[in-house]
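Trainee: I am new to this structure and would love a close look at one part of it. Could you walk me through it slowly?

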Amino acid sequence: MSEFWLISAPGDKANLQAWERMNTVTSKSNLSSNSKFHIPDLKVGTLDTLVGLSDELGKLDTVLKAIAGDCYPNFDLPSGKRSAFMHLFAFSVDLISYLTRFEWDMAKYPIKQPLKNISEALAKQVTQIEADLKTRSAAYNNIKGNLQSLEKKTVGNLLTRTLADIVHKEDFVLNSEYLITLLVVVPKSSYVQWQKTYESLSDMVVPRSTKMIAEDAEGGLFTVTLFRKVMDDFKAKARENRFMVREFYFDEKELKCEKEELMKLASDKKQQYGPLLRWLKVNFSEAFVAWIHVKALRVFVESVLRYGLPVNFQAMLLQPNRKSVKRLRDVLNVVFKHLDEVAAASIMDPGMDIPGLQLSNQEYYPYVYFKVDLSLLDSS
């Protein structure tokens, strides 16, 4: 299961015994895999600062989760490439290992500086990655969109698709003051009828001038040459017989431009793909690492706000067994209900109202709790 629960409870002797009890029960019943989550001694600051940070870190958490999730689904990475990309994870360490063996990056986020400074450094990093992601994805997706639009014209039936890769100069009578070559889509079931009747659909049709130059599952594309002055009459008679004249006039320059544009867009997309993939790998790692540091900060801030000073709490990372989520939640509630009897009671009785708390609208438990959901990053 790619969902983890990051929880904390006070680190005093009584609660350490509660931790041991929880570990024993969850291990024996195979409810979850547990590991300690190490958060360094950070500077606490004032109560007002902590309250403000709680809100700011919540917003930062949401943005970083979105960025980490967007670093590859926005792009048309083939499944094989996507899998290889995702396995680089957080600077060559797979996500789960990075999370379960989390170590604070002292160089990037020095713990001697105030929490506010660390939060601002993370926010600045997030803003830069988000802006770069938007710019790069817009440029790449613009090329991809234009290429797809052109490629769509090469599929479909003979009535709608582009003819640039089908027709040739030799198929047409060109530069004639009197004659013109039309393209007619004829259903397969009407081939015989077309050959018998096309010369008589109007006056001035050049005898034996028809030739099938393309065919698909529904029908064939035929040329026919006639005098310009009977063109409208021929079109009308053809329509009556379920022969559809394509509105197409051979323009060698225009067809050449269309082919060249298709080739250029395909080349541009290929050229951007490599650098883009490298950027995604690096910045996915950056975003993911920043995201887990934000989670650690949130646990620290909420633990201090909840349990008070001096700072003394133990953080734990739980990976629930998919089939035991409710049972695990019940065990945690029983083990830690002494931390907040009212909240614990409300969980046992969902209909219970607590003045001042809208528990039905948010996840609140007797212990500090944050979810780390890696399912959005699954490469499958």
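Trainee: How many bridges join strand β4 to strand β5, and do the two run parallel or antiparallel?

Mentor: Happy to help, and please keep in mind that this is a predicted model. Strand β4 covers residues 211–215 and strand β5 covers residues 219–227; four bridges join them, and the two run antiparallel. To find the pairing by eye, look for E215, which stands opposite G220 in β5. The link from β4 to β5 is a hairpin, made through three residues.

Now let your eye move on from β5 to its other partner. Strand β3, residues 179–187, is joined to β5 by nine bridges, and these strands also run antiparallel. A good landmark here is I180, which stands opposite L226 in β5. Put together, these strands belong to an open sheet of four, in the order β4-β5-β3-β6, with antiparallel pairing. β4 and β6 (244–246) stand at the edges; each has a single partner strand, so one side of each is left without a neighbour in the sheet. From one strand to the next, the twist averages 35°. As background, strands of a sheet pair through backbone hydrogen bonds, and the pairing can be parallel or antiparallel.

With that part in view, it helps to see what else the chain holds. The protein chain has 10 helices and eight strands. Another open sheet has four strands in the order β2-β7-β1-β8, again with antiparallel pairing. Its edge strands are β2 (32–36) and β8 (368–373), and each of them pairs on one side only. Here the twist averages 25° from one strand to the next. Within this sheet, β1 (residues 3–10) and β7 (residues 313–320) pair in the antiparallel sense over six bridges. One bridge to look for is that of P10, whose partner in β7 is F313.

Helices meet this sheet too. Helix α8 lies across β1, β7 and β8, and runs at about 165° to β8. Helix α9 (residues 325–336) packs on the sheet as well, touching β1, β2, β7 and β8, and its direction makes about 5° with that of β1.

Let us stay with α8 for a moment, since it spans residues 252–307 and includes Q272. Is Q272 buried, exposed or partly exposed? With a relative accessible area of 29%, Q272 is partly exposed. Leaving aside residues up to four places away in sequence, Q272 touches A139, Y140 and I143. Q272 and A139 are 133 residues apart in sequence, yet their C-alpha atoms are 9.2 Å apart in space.

For a look at the surface, find L47, V51 and L305, which make a nonpolar patch of about 260 Å². V51 sits in helix α2 (residues 47–70), and V51 is partly exposed, with a relative accessible area of 48%.

Finally, step back to the whole chain. Of its 380 residues, 44% count as buried. Among contacts with a separation of 6 or more, 81% are between residues 24 or more positions apart. The accessible surface of the chain comes to about 20600 Å², and 52% of that belongs to carbon and sulfur atoms. If you return to where we began, start again at E215 and G220, the opposite pair in β4 and β5, and trace the sheet outward in the order β4-β5-β3-β6.

Notes
Residues are numbered from 1 along each chain as its sequence is written. This is a predicted model: local features need pLDDT of at least 70, side-chain atom pairs count only at pLDDT 80 or more; totals for chains, interfaces and linings use all residues. Side-chain values use heavy atoms; hydrogens and water are left out. Patches are made of residues with over 30% relative accessible area and no salt bridge: like charges are joined within 9 Å, nonpolar side chains (Val, Leu, Ile, Met, Phe, Trp, Tyr) within 5 Å. Accessible areas come from the Shrake-Rupley method with a 1.4 Å probe; for residues, only the protein chains shown count as cover. A salt bridge is a side-chain nitrogen of Lys or Arg within 4 Å of a carboxyl oxygen of Asp or Glu. Buried means under 20% relative accessible area, exposed over 50%, partly exposed in between (1.4 Å probe, protein chains only). Contact means heavy atoms within 4.5 Å. Two strands pair if DSSP finds at least two bridges between them. Axes are lines fitted to C-alpha atoms, for helices over the stretch in contact, and angles run from 0 to 180 degrees between N-to-C directions.
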